[in-house]
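Open the model in your viewer and show the backbone as a cartoon with side chains available on selection. The stops below can be taken in order.

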Amino acid sequence: MTDTLLPAAPQPLEKEGDGYFRKGCNPLAQTGRSKLQNQRAALNQQILKAVRMRTGAENLLKAATNQKVREQVRLELSFLNSDLQMLKEELEGLNISVGVYQSTEEAFTIPLIPLGLKETKDVDFSVVLKDFILEHYSEDSYLYEDEIADLMDLRQACRTPSRDEAGVELLMSYFIQLGFVESRFFPPTRQMGILFTWYDSLTGVPVSQQNLLLEKASILFNIGALYTQIGTRCNRQTEAGLQSAVDAFQRAAGVLNYLKETFTHTPSYDMSPAMLSVLVKMMLAQAQESTFEKICLSGIQNEFFMLVKVAQEAAKVGEVYRQLHTAMNQEPVKENIPYSWASLACVKAHHYEALAHYFTATLLIDHRLKPGTDEDHQEKCLSQLYDHMPEGMTPLATLKNVHQRQQLGKSHLCRAVTHHEESVREASLCKKLRNIEVLQEVLSAAHQRSRLKYTQLREDYDLLNLIDVPDIISKTEREVEIIPPQFSKVTVTDFFQKLGPLSVFSANKRWTPPRSIHFTAEEGDLGFTLRGNSPVQVHFLDPYCSAAVAGAKEGDYIVSIQDVDCKWLTVSEVIKLLKSFGQNDIEMKVVSLLDATSSMHSKCATYSVGMQKTYSMICLAIDDDDKTDKTKKISKKLSFLSWSTNKNRQKSASTLCLPSVGVRVAGPPVKKKLPSPFSLLTSDSSLY
């Protein structure tokens, strides 16, 4: 993964073509998905209002001393809690509205669970970024109005991404863009005053922070949620569609797992490590289910070895859903996981375990050893189907004994019927699942098939002769795995690139005011040499040359020459520009780096309605060299008012593309690691 993005040269922004950045979907379009998302937004507002009223009532109850007032407040609290519970159930209903997100093709398959997108409030970057550009970079902030507008438009588009790869790319572009914005405008030791508000997708509770990390984490969550919606939309009646579904759920698991490992102290319930672990399990379980459907797509042949394979694949799906259901019922996620999700996980666990026993019964009852049959192969397969054979039975003897095969097969059918009955019962206990017709149809059909086969073979006194069959060992030919997000494949435009190379012109660097140096090249000799890439630095300065007399110093960064922006020019380009003036007077503007402000611990208070004692901290890693810097004196930064007349007003727009890993800027060694717009894309990243 790319750790540092350093452009080779500036390129102009192209707004006319499709390559600028994609827009989101029309939020007013009356599609099923947009209606559902609008209902989610309205519910979030109702939940916010109810939570605020409950908080006020609780405060009044604490402060009141009059007994009648306290009784009345308690009554109001009971009503408010009841309203909140009803709103929570409505939100749960939206989370289980799987039909809206499923493929438009009619299919006789159990629905999959998608995640809803997190909702947010509008954010105005303009005032804060303009002030910071004027104060920190000493440039005319009005020259960056278009760039700020582009950033706000991109954020607005990310609220309604399309449900395809273009929507994922849009969200990833904004996430990477936030890395540049964080490096340029968000110092680690100071709050910028921009309040980001995001609503919990499971509880509807809003969380607000003056911290860009909340914005980045929420965008990551929405990337994972969008992948789940893409997965549920795939046509599960074709092999290509099922493969796309498997890939989408694995990528969703990768994004959510990356979010869990990178942002370990999120103030939102749906992004807590425990909840994200459950969501990752759910995505992998749905990927495993799609893998099973892909195996069964062409039809299940009534053949011994095929039935062994399908039985173990079904047992694998049942196992992962059993583990998922167990995880969903653990604290602290049990309180916030929708009841319908946990019920559906339990239903699927029983359903696929029943299928495993049904296919095992079929291979035992319908297939018998015949002359020329590969006995060794069948014996090996049957022995690998169980961790141990039933008492008094051996694989080869069971294969040869028709009565034993019949009894063992009927015992498996009995287990299958029991699991089917349990899955139907679990589905009937949940109101939301009772309303999903296709789910009821699939469960009922599978149940009737097992009962019919058992009825055809049932004899008197079967209940006395049934064998306690062992569980079937789960096995799969294709183990699903987490696919990490691939941010490096997305080409990103740094809207504020004309501020200069990010390695130097960032929020955690401080410079002297830009100084105008008036000098001439005496007999073609400038009196100094240059080094570095972009921007270039003055090196080996002759103390008696005209540039030194005018105030130039070794290590100065050249930002402009005769009003020509030089921040992105290389050494050869700057030398060529200087020599083009000949013996004429040259005006060169330079700045000097005061210090490389080290990362410092910074606390960030979190406002989260309805969440008590929520607190987050930015824990930035500090190198050993940084510890020694604490004893150094930091030069006082001069006010920008004293040198506002010397601002560089040359406008230059450019495009930044992702380079290969390990790109470094030539120049003198610096004591501290250069800032990276991907400060949160590594395992040693800042946590909040």
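Select proline 332 in this predicted model. Proline 332 sits in the loop that links helix 10 (304–328) to helix 11 (339–366). Add glutamate 331 to the selection: the peptide bond joining glutamate 331 and proline 332 is cis, with omega about 5 degrees.

Keep helix 10 and helix 11 on screen and add helix 12, residues 375–385. Which residues of helix 12 are buried? They are Gln378, Cys381, Leu382 and Leu385. Look down the axis of helix 12: these buried residues fall within an arc of 95 degrees, so they line one face of the helix. In an α-helix there are 3.6 residues a turn, so residues three or four places apart point the same way. To see what covers the buried residues of helix 12, show its surroundings, which include helix 10, helix 11 and helix 13 (395–400).

Next, go to proline 535, in the loop between strand 5 (529–531) and strand 6 (537–539). Select serine 534 as well; a cis peptide bond joins serine 534 to proline 535, and its omega is about -5 degrees.

The last stop is the loop between strand 7 (557–561) and strand 8 (564–565), where glutamine 562 lies. Aspartate 563 is found in that loop between strand 7 and strand 8 too. Check the backbone angles here. Glutamine 562 is a residue other than glycine with a positive phi, near 50 degrees. For aspartate 563, also not a glycine, phi is positive and near 65 degrees. Is glutamine 562 buried or exposed? Its relative accessibility is 30%, so glutamine 562 counts as partly exposed.

Note on methods:
Residues numbered from 1 in each chain as written. Predicted model: local features only at pLDDT ≥ 70, side-chain atom pairs only at ≥ 80, totals over all residues. Heavy atoms only, no water. Helix = DSSP H or I, 4+ residues; strand = E, 2+ residues; numbered from the N terminus. Buried < 20%, exposed > 50% of the residue type's maximum accessible area, 1.4 Å probe, protein only. Arc of directions from axis to C-beta. Contact = heavy atoms within 4.5 Å.
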